[in-house]
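Work through these short exercises with the structure open beside you. Try each task before you read its solution.

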Amino acid sequence: SSILRNSYSNAEREKAKVACLNRVRFSFQKNVTIREVVEAVSRNEYDKYNDFVSYLKKEELEDEEFLKIITESRQFVQSMGPKLSELIKVLLSLNWLDRNQEIAQGYGNFFMDLLVAHPSYAHFGVSRLIAPWLDSDKAGPLDFSDDTTDSPARKRLVLTHSLMLRALSVIPMVYDVVLDCINNSFPYFKRPSRMISCYVQNLLHLQEYSPSLTTHVFNIIVRKMLDMDVNAPRSEILETESEDENLDKLIDAPMKHPIAETLDCVMQIVLEFIDSSVKASENPQSTNTRDVQFIFKMFITMFDEIILPSHNTHHIQFLVFYLCSFKTALAKQFLELLWNKINDPNLSSAIRQASAGYLSGFLARAKYIPEDLLKEYLMKLCSFAHNYIQRCDSVISNSSLKANVVFYSVCQAVFYLIAFRSRDLTNHKKNLVFLQTLQLSGLVSSNLNPLRVCLPDVATAFASVTRSHQLAYCHTILEKNARRRLATVYDNDMGKPQEYLETFFPFDPYLLEKSGKYITPIYVQYQFTEAEERIPHSHSRKRTDSFAQIMDDIDDFIVDKKLRLSESENDRNL
């Protein structure tokens, strides 16, 4: 037999060449010390520095070598100025979490000495501490209070939080850096729900050992939840979730709408925090230093600054809804805030209108609202409306929707409340007498004609209740408004119907499934009035638990009219 030469492919030859070079380079760099690198840079000699930085980036260091480099780096921290910034960033980016306790301690000591000596590296260092919070999307539910859990993912997170606590305790200027980093590092709302949920859980753990950050942390979380909420409209959720409505859904199965699923997970985490914090504050043996009033003030401030001015939110406002359920005093404070905004002429009409919607929705939907409190605010709303009518009657005023939007919003709040809570408000004679004192006839028959701009479903339901109990006769006014509306359409070449108040019912049914377990027990579902139940099903509209519907017959009429106008124009041209 002959000895044949082995043939190798070009790829195999290149791989062997690179491996050989790496072996030679490893042997050379292993003898280089931090002292030599620092001294070389001080002489403006960067070859050794660049080779050493490249080596740290590409090689997987053994534990012994890792500890040697970090320990020596700590000795030269004072000399590590801007010229060595790349080396500093590489050292901070080394994987220290999956190594032994001695290395973790050594890295922590280097980290602390570096931030004390050079605060300019604080932002990069803190961002490296936060990075593992984003890698925990496969770690499952996190419970930092459970010391028995010994998973590698939990160990990594505990190490980062321990070092973060050291930094916050020793370096006061790190507080602002931490807030900036956690805000910038917050995952985009379209990222996987597991990643965002775990990041939020880490933020909540952060504020536990650093209570001074609590308000700022929740401010960041709520703002990010707002982005999720406005990008998950009710119509999309209903359409997505109803695709397989005939199939039995698995317990705890994720929602089909990805953003709604993420919002559901985060809502559940925050609602659990509210629940546990309130219960802990009421426990004398608890070490929780935050009382209910502190938590309420924090969330009510965020509602005032973030949620109330925002348009088209659907679920995030239920955080305040749930928090108010623990004490009637909290619900009263929330209602007082909304009422003061309605009465404040210095605020924009949009804020005052939104406040009226929140007030009426809260009174209608909250099961824990006492009947006396409901009647108190009904009386206040009606008094506001009657006083407004009297002022307008004394002068020649504009009756347009834009000029009187706050008044019309208050009137719609009254109509909505009476229609929604009709069973509670008409269950005995005493409540009927109270409704008579509201002078509803004077309200609906005023020159401003609030039923004209009120949403049709609200107006119809209100008219049914008042007619059944002889509180006011609205059907004549509704018929007159309908005739005027048709005349307006005929006279308008564009075919636009009469304007209505903007649809806004902030506490319409809660659609998120996992977090819904906190809301359902304290939530009032709409019950049809006796008058509505007497209407034959074949002649009635499709009835849902929302007043936010538009009259389809008007829309159909407009389309028909446009077609007739187009045909007439063609005939004239011919």
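The exercises below go from the whole chain to single residues, and the model used is a predicted one.

**Exercise 1. The whole chain**

Task: Find how many helices and how many strands the chain has, and what share of its residues count as buried.

Solution:
- Step 1. Count the elements. The chain has 27 helices and zero strands.
- Step 2. Turn to burial. The chain has 574 residues, and 50% of them count as buried.
- Step 3. Look at the surface. The accessible surface comes to about 29,900 Å². Carbon and sulfur atoms hold 50% of that surface.
- Step 4. Check the contacts with a separation of 6 or more. Residues 24 or more positions apart account for 76% of them.

**Exercise 2. The largest nonpolar core**

Task: State which residues touch the most other members of the largest nonpolar core, and which helix gives the most to this core.

Solution:
- Step 1. Take the core as a set. The largest nonpolar core holds 183 residues, and Ile182 and Phe362 touch the most other members.
- Step 2. Find the main contributor. Helix H19, residues 405-420, gives the most, with 14 residues.
- Step 3. Compare with the domains. Domain 1 (27-143 + 150-175) and domain 2 (345-501) each supply at least three residues to this core.
- Step 4. List the partners of isoleucine 182. Leave out residues up to four places away in sequence. Isoleucine 182 then touches Ile130, Trp133, Tyr199, Leu203, Leu206, Val217 and Ile220.

**Exercise 3. Two buried helix residues**

Task: Place leucine 203 and methionine 302 in their helices, and decide whether leucine 203 and methionine 302 are buried or exposed.

Solution:
- Step 1. Start with leucine 203. Its place is in helix H10, residues 193-209.
- Step 2. Read its accessibility. Leucine 203 has a relative accessible area of 0%, so it is buried.
- Step 3. Find its partners beyond four places in sequence. Leucine 203 is in contact with Trp133, Ile182, Phe186, Val217 and Ile221.
- Step 4. Pick one partner, phenylalanine 186. Leucine 203 and phenylalanine 186 are 17 residues apart in sequence, and their C-alpha atoms are 9.8 Å apart.
- Step 5. Move to methionine 302. Helix H14, residues 292-307, contains methionine 302.
- Step 6. Apply the cut-off. Buried means under 20% relative accessible area. Methionine 302 has 4%, so it counts as buried.
- Step 7. Find its partners beyond four places in sequence. Methionine 302 is in contact with Phe218, Asn219, Val222 and Ile307.
- Step 8. Add a distance. Methionine 302 and arginine 223 are 79 residues apart along the chain, yet 8.9 Å separates their C-alpha atoms.

**Exercise 4. Aromatic rings**

Task: Find how many aromatic pairs there are, then describe how tryptophan 96 and tyrosine 107 pair.

Solution:
- Step 1. Give the total. There are 33 aromatic pairs.
- Step 2. Examine one of them. The rings of tryptophan 96 and tyrosine 107 are 4.5 Å apart, centre to centre, with 10° between the planes. Planes under 30 degrees apart count as stacked, so this pair is stacked.
- Step 3. Locate both residues. Tryptophan 96 is in the loop between helix H5 (85-92) and helix H6 (101-117), while tyrosine 107 is in helix H6. They are eleven residues apart.
- Step 4. Check burial. Tryptophan 96 and tyrosine 107 are both buried.
- Step 5. Look for a cluster. One aromatic cluster has ten names to find, including Phe303, Phe318, Tyr358, Phe362 and Tyr523.
- Step 6. Look for charges over rings. The charged end of lysine 380 sits 4.5 Å from the ring centre of tyrosine 377. Lysine 375 lies over the face of phenylalanine 434, at 5.5 Å from the ring centre.

**Exercise 5. Three loop residues**

Task: Decide whether glutamine 470 and asparagine 449 are buried or exposed.

Solution:
- Step 1. Locate glutamine 470. Its loop runs between helix H23 (456-468) and helix H24 (475-491).
- Step 2. Read its accessibility. Glutamine 470 counts as exposed because its relative accessibility is 59%.
- Step 3. Check its backbone. Glutamine 470 has a positive phi of about 55°, although it is not a glycine.
- Step 4. See glutamine 439 too. Its phi is near 55°, and its loop lies between helix H21 (429-437) and helix H22 (440-444).
- Step 5. Go to asparagine 449, in the loop between H22 and H23. Its relative accessible area is 9%, so asparagine 449 is buried.

Note on methods. Residues are numbered from 1 along each chain as its sequence is written. This is a predicted model: local features need pLDDT of at least 70, side-chain atom pairs count only at pLDDT 80 or more; totals for chains, interfaces and linings use all residues. Side-chain values use heavy atoms; hydrogens and water are left out. Rings of Phe, Tyr and Trp (its six-membered ring) pair if their centres lie within 6.5 Å; planes under 30 degrees apart count as stacked, over 60 as edge-to-face and the rest as tilted. Helices (H or I, at least four residues) and strands (E, at least two) are DSSP runs, numbered from the N terminus. Buried means under 20% relative accessible area, exposed over 50%, partly exposed in between (1.4 Å probe, protein chains only). A charge sits over a ring if NZ of Lys or CZ of Arg is within 6 Å of the ring centre and within 35 degrees of the ring normal. Contact means heavy atoms within 4.5 Å. A nonpolar core is a set of buried Ala, Val, Leu, Ile, Met, Phe, Trp, Tyr and Cys residues joined through side-chain atoms within 4.5 Å. Domain bounds come from an automatic or database domain assignment. Accessible areas come from the Shrake-Rupley method with a 1.4 Å probe; for residues, only the protein chains shown count as cover.
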